Amino acid sequence: MNELKVDNIIIQVRDKLQKDGIKLWLSPYYLPTGPSTCELERLAREYSSDLNIQYDCCYAAVSELQSIALEKLKQRDLYRASGIATLKMKILVQNVPPKLISRQICLKEMGQHLKRMVSETTNVPEESLKLIANGKVIEDSKSLFEQGVQNGQQILALTLNQSLTDLRETESRCQEIENVKADTQLLASDDNDYMELEDQAGNPVRIPAHERKALMVALALHEKGKSALKREDYSRALVFFLDADKEFR
């Protein structure tokens with residue numbers, strides 16, 4: 001099964017779990033001894049019938065969603081207890097496929113400390129790295145907390161030349177992405193009918209509001225990426241496509 005179909009199944013299962021108010025990290029689905037295989041299998045059989053999804057695929061989706069939820073809870077508890085945040089890092093190194101890693105760090109640490117951690121992971125010199133959060137380059141001399149970095153946030157790590165022109169271009173590119181997201185989210189709001197999803201026959205597609213908004217943002221970013229690709233601005237196109245992929249997921 002291709003990745004797109006897997007993602008679609010996970011979206012359907014996650015939406016039904018939310019509608020049914022089922023919390024996979026609580027009893028009866030998760031016990032002090034670990035996941036309750038019996039209950040997860042029962043739930044997968046029920047959802048397989050309700051959603052018309054193969055049982056094996058449904059069970060895999062339920063299990064993955066439980067693992068994700070448990071990991072998020074673990075990260076949240078760690079942050080509350082110790083102030084140690086877990087950050088998701090998307091590493092973009094030239095001629096190397098994008099890599100997603102997680103790193104734990106206190107948000108009181110300076111931006112340079114996080115950059116050093118990424119440098120050690122990627123073997124890219126610190127001076128050739130730029131870290132992006134919230135559409136802005138993370139500054140070395142300020143704490144992550146001061147710069148609005150939050151627990152569980154995804155950070156984009158780019159390898160760049162150190163010229164002022166490159167830095168300004170990177171900041172402009174990231175700000176453009178944030179502007180596209182903000183504008184599209186406004187247009188895709190629940191009380192705004194300016195943007196609607198339709199199938200190939202022109203019929204409205206009804207999906208949950210939060211999924212609709214995420215999909216709209218992803219489509220807008222994807223179109224921006226296609227435009228950049230036509231202009232042969234490959235670095236800009238790559239960033240747009242990666243952010244579109246993140247929104248879709």
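## Exercises on a predicted helical and stranded model

**Exercise 1. Does the length of H4 add up? Work out what span helix H4 (residues 111–122) should have at 1.5 Å a residue, and what its end C-alpha atoms show.**

Solution. Start with the count: H4 has 12 residues, so at 1.5 Å a residue it should span 16 Å. Now look at the ends: the end C-alpha atoms of H4 are 17 Å apart, which agrees. Bear in mind that this is a predicted model.

**Exercise 2. Find the buried residues of H4 and say what covers them.**

Solution. First, pick out the buried ones: Gly111, Leu114, Lys115, Met117, Val118, Ser119 and Thr122. Buried here means under 20% relative accessible area. Next, look at what lies over them: the cover includes strands S3 (84–92), S4 (99–106), S5 (129–133) and S7 (154–159). Finally, step off the end of the helix: Asn123 follows H4 and has a positive phi, near 60°.

**Exercise 3. Run the length check on H2 and H3 too.**

Solution. Take H2 to begin with: its 15 residues should span 21 Å at 1.5 Å a residue, and its end C-alpha atoms are 20 Å apart, which agrees. Then H3: 28 residues should give 40 Å, and the end C-alpha atoms of H3 are 40 Å apart, so that agrees as well. Just after H2 comes Asn52, with a positive phi of about 60°. Just after H3, Gly83 has a positive phi of about 80°.

**Exercise 4. How do H2 and H3 pack: at what angle, and how far apart are their axes?**

Solution. Two packed helices are described by the angle between their axes and the distance between those axes. For H2 (residues 37–51) and H3 (residues 55–82), the angle is about 125° and the axes are 8 Å apart. The two helices are therefore oblique to each other. As for handedness, H2 passes H3 in a right-handed crossing.

Now for who touches whom. From H2, Thr37, Leu40, Glu41, Leu43, Ala44, Arg45, Tyr47 and Ser48 meet Tyr55, Cys58, Tyr59, Val62 and Gln66 of H3. Sorted by class, this contact has eight nonpolar, three polar and two charged residues.

Last step: check burial. The buried residues of H2 include Leu40, Leu43, Ala44, Tyr47 and Ser48, and those of H3 include Cys58, Val62 and Gln66.

**Exercise 5. Zoom out: how many helices and strands does the protein have?**

Solution. Count seven helices and seven strands. Along the sequence they follow α-β-β-α-α-β-β-α-β-β-β-α-α-α. Of the 249 residues, 37% count as buried.

Note on methods. Residues numbered from 1 in each chain as written. Predicted model: local features only at pLDDT ≥ 70, side-chain atom pairs only at ≥ 80, totals over all residues. Heavy atoms only, no water. Axes fitted to C-alpha atoms, helices over the stretch in contact; angles between N-to-C directions. Helix = DSSP H or I, 4+ residues; strand = E, 2+ residues; numbered from the N terminus. Parallel < 35°, antiparallel > 145°, perpendicular 65-115°, else oblique. Left-handed = near helix turned anticlockwise from the far one by under 90°. Contact = heavy atoms within 4.5 Å. Nonpolar A, V, L, I, M, F, W, Y, C, P; charged D, E, K, R; others polar. Expected span 1.5 Å × (residues − 1). Buried < 20%, exposed > 50% of the residue type's maximum accessible area, 1.4 Å probe, protein only.
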